[in-house]
Amino acid sequence: MAKDPVRVLVTGAAGQIGYALVPMIARGIMLGPDQPVILHMLDIPPAVESLNGVKMELQDAAFPLLKGIVATTDVAEACKDVNIAVMVGGFPRKEGMERKDVMSKNVSIYKAQASALEQYAAKDVKVLVVANPANTNALILKEFAPSIPEKNITCLTRLDHNRALGQIAERLEVPVSSVKNVIIWGNHSSSQYPDVNHAVVEGPDGEKSVRSTVSDDAWLNGEFIKVVQQRGAAIIKARKLSSALSAASSACDHIRDWVLGTPEGTFVSMGVYSDGSYNTPPGIIFSYPVICKNGDWSIVQGLSIDEFSREKLVATAAELVEEKEVAYSCISE
């Protein structure tokens, strides 16, 4: 029996990430090869011609799973009955801008979009915030969409998670599919902590810890962390454009695991509303290791945290608390 289509919203759909993301959704990479979708694409009025061009290309690609397209600059129309919302659109930090200036711009954007989701989206809508500052934008969205359950509002740290997997795989000269259970703690920023203390690599003799297999603590505690933290900047330097393909792919991974579940014995990284786990401050959006089942996520509990890791967690949490205060000051202005 054919499944009913799922309505998926992509904001900023005419931008680089949106352009990479929408064909992935239409091809079934996000929700599976048997799940029809109706794509809702939102962008700002100056991008309307480009947005219509993306719509034309989607039509021309003749994706069998794509059962409809809504391409609009009207936020209410875009949010109508959507089941999944991928919030790619946001105001980027430009040269000479203070962080508060960026935050102020995004507060106004996410306030309007949150209100539209609150009013028009499906009541069980799942929201993924991609636009930076992703953690704090997700927190703003939560503030202005109070009827959406806090567990249904997340931000993307899967890109950092996948970057960490890629670095370990390259170092060990193994397929990336044989590495699992790295963790991204905290903020999707340069304060994030890529942690391999619970990661394993599958080999001919079964699973072994990444730390013992790499056998280079100086690299794992130094260069590896910096490479993952600064990977976005390195891609901008190389491409002269920000990472779009990998961000789009990671957004698909995030939603797919959230909806369809994580493999047994595997956890992934998601930015979720903090409940105070691992002594992190409650009331911020913080990246944790999670497992997903039956359309829900839960934080992996009971992992040992050494002193080195604890310092990293405290530092990234402090940055998020500071960002929250800046955002809330913008809201009150």
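Is helix α6 mostly covered or mostly open, and how many of its 15 residues are buried? In this predicted model, helix α6 is mostly covered, with 11 of its 15 residues buried.

## Helix α6

Helix α6 runs over residues 158–172. Its first and last C-alpha atoms lie 21 Å apart, close to the 21 Å expected for its 15 residues at 1.5 Å a residue. The buried positions are R158, L159, D160, H161, R163, A164, L165, Q167, I168, A169 and L172. Charged side chains are thus part of the covered set, among them R158, D160 and R163. Just after the helix, E173 adopts a positive phi of about 55°.

One of the residues of this helix, Q167, can be set against a distant position in the chain. K80 is placed in the loop between α3 (75–79) and β4 (84–87). The C-alpha atoms of K80 and Q167 are separated by 40 Å, the two residues being 87 positions apart along the chain. K80 has a relative accessibility of 43% and counts as partly exposed, whereas Q167 is buried.

The UniProt record, in an unreviewed entry, lists residues 157–326 as "domain: Lactate/malate dehydrogenase C-terminal". Across residues 157–326 the chain is 45% helix and 21% strand, and the C-alpha atoms at the two ends are 21 Å apart.

## Salt bridges

Side chains of opposite charge can pair when their charged atoms come close. The structure holds 8 salt bridges. Three of them are set out below.

| Pair | N to O distance | Placement |
|---|---|---|
| R158 and D257 | 2.8 Å | helix α6 and helix α11, 99 residues apart |
| D160 and R163 | 3.6 Å | both in helix α6, 3 residues apart |
| R256 and D253 | 3.0 Å | both in helix α11, 3 residues apart |

The R158 and D257 pair links distant parts of the chain, joining helix α6 to helix α11 (residues 245–260). Both partners of this bridge are buried.

The other two pairs each stay within one helix. An α-helix has 3.6 residues a turn, so residues three or four places apart point the same way. D160 and R163 are separated by about one helical turn because they stand 3 residues apart in helix α6. D160 is buried, at a relative accessible area of 1%, and R163 is also buried, at 12%. In helix α11, R256 and D253 are likewise about one turn of the helix apart. For this pair the cover is mixed: D253 is buried with a relative accessible area of 13%, while R256, at 25% relative accessibility, counts as partly exposed. The value for R256 places it in the partly exposed class because buried means under 20% and exposed means over 50%.

## The second largest pocket

Which residues line the second largest pocket? Its lining consists of L165, V176, S177, S178, V179, K180, E202, E207 and T266. The pocket encloses about 210 Å³ of space. By class, the lining comprises 3 nonpolar, 3 polar and 3 charged residues. L165 ties this pocket to helix α6, in which L165 is one of the buried residues.

## Helix α5 and the cis peptide bond

Helix α5 (residues 134–144) is mostly covered as well, with 10 of its 11 residues buried. The buried residues are A134, N135, T136, N137, A138, L139, I140, L141, K142 and F144. P133 is located in the loop between β5 (126–129) and α5. The peptide bond leading from N132 into P133 is cis, its omega being near -5°.

## Backbone with positive phi

Most residues other than glycine have a negative phi, and most peptide bonds are trans. Besides E173, the exceptions in phi include N181 and S215. N181 is not a glycine, yet its phi is positive at about 70°. N181 sits in the loop between β7 (179–180) and β8 (183–185) and is buried, with a relative accessible area of 6%. S215 has a positive phi near 55° and belongs to the loop between α7 (210–214) and α8 (217–220). Where N181 is buried, S215 is exposed, at a relative accessible area of 60%.

Conventions:
Residues numbered from 1 in each chain as written. Predicted model: local features only at pLDDT ≥ 70, side-chain atom pairs only at ≥ 80, totals over all residues. Heavy atoms only, no water. Salt bridge = Lys/Arg side-chain N within 4 Å of Asp/Glu carboxyl O. Helix = DSSP H or I, 4+ residues; strand = E, 2+ residues; numbered from the N terminus. Buried < 20%, exposed > 50% of the residue type's maximum accessible area, 1.4 Å probe, protein only. 1 Å grid on protein atoms, 1.4 Å probe; cavity = no way out; pocket = protein on both sides within 12 Å on 5 of 7 lines; lining within 4 Å. Points joined across faces, edges and corners; volume = space filled by probe spheres on them. Nonpolar A, V, L, I, M, F, W, Y, C, P; charged D, E, K, R; others polar. Expected span 1.5 Å × (residues − 1). UniProt positions renumbered as here; feature names shortened; annotations may be inferred.
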